[in-house]
Amino acid sequence: MFSGSIPALVTPFTDGAFDEAAFRAHIDWQIESGSTALVPCGTTGEAATMTIAEHNHVVRVCIDQAACRVPVIAGCGSNDTSVALEHVRAAKGAGAAAALLVPPYYNRPNQEGVFRHFEVLARDGGLPIVLYNVPGRTVTDIAVETMARIVTAFPDVVVGLKDATGAIQRVSAQRAACGADFCQLSGNDDMALAFMAMGGRGCISVTANVAPALCAEFQDACLAGDYGRALTLQDQLYPLHAALFSDASPGPVKYALNRLRPGFSAEMRLPMTPPSEASRKAVDAALAHAGLIQ
């Protein structure tokens, strides 16, 4: 259902408010540069700092600006099942292609609770679901066995996975458990080359915010089986993949965007703060290595 380079979109803020004009321009640039889908209101989009109404508004704006040129996978995650369901229903009403959903964070449910959370969302939300497994942030893992149980129970609803576990062997384990046609998307730019070689279909990418054309070219090479070209692009992009996580995300990626597109504000909402000087220097060097600045 999804493949290629899919940016996890940053959300621009100016004087504390959502900068809709900048967001719309960013979406156009992403699509024109070859991104194959869009993810608003994920972690990179600072969804945790938004009210429910604001979150749903950002998703609506994204869908409106995309204008059916590419599908929108709306970030809908919450540690409260009822709030996540509200987001899914709002995204469906706005025309999203799918919902991206993490397991409940902070609450730390057991695997039965993880299954029951997704059971409600799959049964009552009305949208295809892309699971998002990122235990480094949520603490709660979607175990391979639980994932297979969810996919088996809702094969026409749970259509894919964003895997940000950092455990590359899980691509094969999940392929065996959920089927070769289950759409696995990397959630780690730096590991996407190996992920694709093991059966991945694309990447929900932070780096694509900054280098959309290069990330799209990299994904195209992987999907075509041209791993020589993909490796060359990996070498070009790897320092940027690393630099964008040299301080708390999305600080470095917003700094990088401001360097490339000076009208794009680097502002974030608390508790996020600007990246350190060392991080900024790493981003500058990585942008130059990738050929994005002089």
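Q: Contact means heavy atoms within 4.5 Å. With that in hand, which residues is Y132 in contact with, leaving aside its neighbours within four places in sequence?

A: This is a predicted model, and the contacts are computed from it. Leaving aside neighbours within four places in sequence, Y132 is in contact with T43, L100, L101, V102, P103, I142, K162 and A164. Y132 itself sits in strand β6.

Q: Where is K162, and what does K162 touch?

A: K162 belongs to strand β7. Residues up to four places away in sequence are not counted; beyond them, K162 touches L100, V130, L131, Y132, N133, L185, S186, G187 and I204. Y132 thus appears in the list for K162, and K162 in the list for Y132.

Q: How do I read burial, and are Y132 and K162 buried or exposed?

A: Compare the relative accessible area with the cut-offs: under 20% is buried, over 50% is exposed, and partly exposed lies in between. Y132 has 8% relative accessibility, so Y132 counts as buried. K162, with a relative accessible area of 7%, is buried too.

Q: Which residues does UniProt list for "active site"?

A: The UniProt entry, which is unreviewed, lists Y132 and K162 under that heading. The two span 31 residues in sequence, yet their C-alpha atoms are no more than 4.7 Å apart, so they gather at one spot. Of these residues, the lining of the largest pocket includes Y132.

Q: What is the volume of the largest pocket, and which residues are closest to its centre?

A: Read the volume first, then the lining. The volume of the largest pocket is about 700 Å³. Its lining has 31 residues, and those closest to the centre are G42, T43, A47, A48 and Y105. Elements that each supply at least two residues of this lining are α2, α3, β5 and α5.

Q: How many residues does the largest nonpolar core have, and which have the most contacts inside it?

A: A core is read by its size, its best-connected members and the elements that feed it. Here the largest nonpolar core has 46 residues, and F23, L38, L101, F118, I129, L131 and V158 have the most contacts inside it. Two or more residues of this core come from each of α1 (20-32), α2, α3 (81-94), β5 (98-101), α4 (111-124), β6 (129-133), α6 and β7 (158-163). The largest share, six residues, is from α2. A second, separate core of 31 residues includes A221, L240, V253 and F264.

Q: Which residues is L38 in contact with, leaving aside its neighbours within four places in sequence?

A: With those neighbours set aside, L38 is in contact with I6, P7, L9, I27, Q30, I31, C62, A66, V70, P71, V72 and I73.

Q: How many salt bridges does the count come to?

A: The rule is a side-chain nitrogen of Lys or Arg within 4 Å of a carboxyl oxygen of Asp or Glu. By this rule there are 13 salt bridges. One of them joins the side chains of E54 and R269, at 2.7 Å from N to O. That pair links distant parts of the chain, 215 residues apart: E54 is in helix α2 (residues 52-66) and R269 in the loop between α11 (251-260) and α12 (277-289). E54 is buried, with a relative accessible area of 19%, and R269 is buried at 14%.

Q: Which parts of the chain do the salt bridges of R170 and R229 tie together?

A: In the R170 and D141 salt bridge, the closest N and O atoms are 3.0 Å apart. R170 lies in helix α7 (residues 170-178) and D141 in the loop between α5 (135-138) and α6 (144-153), so this pair ties together parts 29 residues apart in sequence. R170 counts as buried at 13% relative accessibility, whereas D141 is partly exposed at 26%. R229 and E217 form another salt bridge, with the closest N and O atoms 2.4 Å apart. R229 is in helix α10 (residues 227-243) and E217 in helix α9 (residues 212-223), so the parts tied together are 12 residues apart in sequence. A network of salt bridges also links E112, R116, E119 and R149.

Q: Which backbone angles deserve a check?

A: Look at omega before proline, and at the sign of phi outside glycine. The peptide bond from S249 to P250 is cis, with omega near 10 degrees, and P250 is in the loop between α10 and α11. The bond from L270 to P271 is also cis, with omega near 15 degrees. Phi is positive at Y106, near 70 degrees, and at R108, near 60 degrees.

Methods
Residues are numbered from 1 along each chain as its sequence is written. This is a predicted model: local features need pLDDT of at least 70, side-chain atom pairs count only at pLDDT 80 or more; totals for chains, interfaces and linings use all residues. Side-chain values use heavy atoms; hydrogens and water are left out. Helices (H or I, at least four residues) and strands (E, at least two) are DSSP runs, numbered from the N terminus. Buried means under 20% relative accessible area, exposed over 50%, partly exposed in between (1.4 Å probe, protein chains only). A nonpolar core is a set of buried Ala, Val, Leu, Ile, Met, Phe, Trp, Tyr and Cys residues joined through side-chain atoms within 4.5 Å. UniProt positions are given in the numbering used here, feature names are shortened, and annotations may be inferred rather than shown by experiment. On a 1 Å grid over the protein atoms alone, a cavity is a set of points where a 1.4 Å probe fits but cannot get out, and a pocket is an open set with protein on both sides within 12 Å along at least five of seven lines; lining residues have an atom within 4 Å of a point. Grid points are joined across faces, edges and corners, and a volume is the space filled by probe spheres set on the points.
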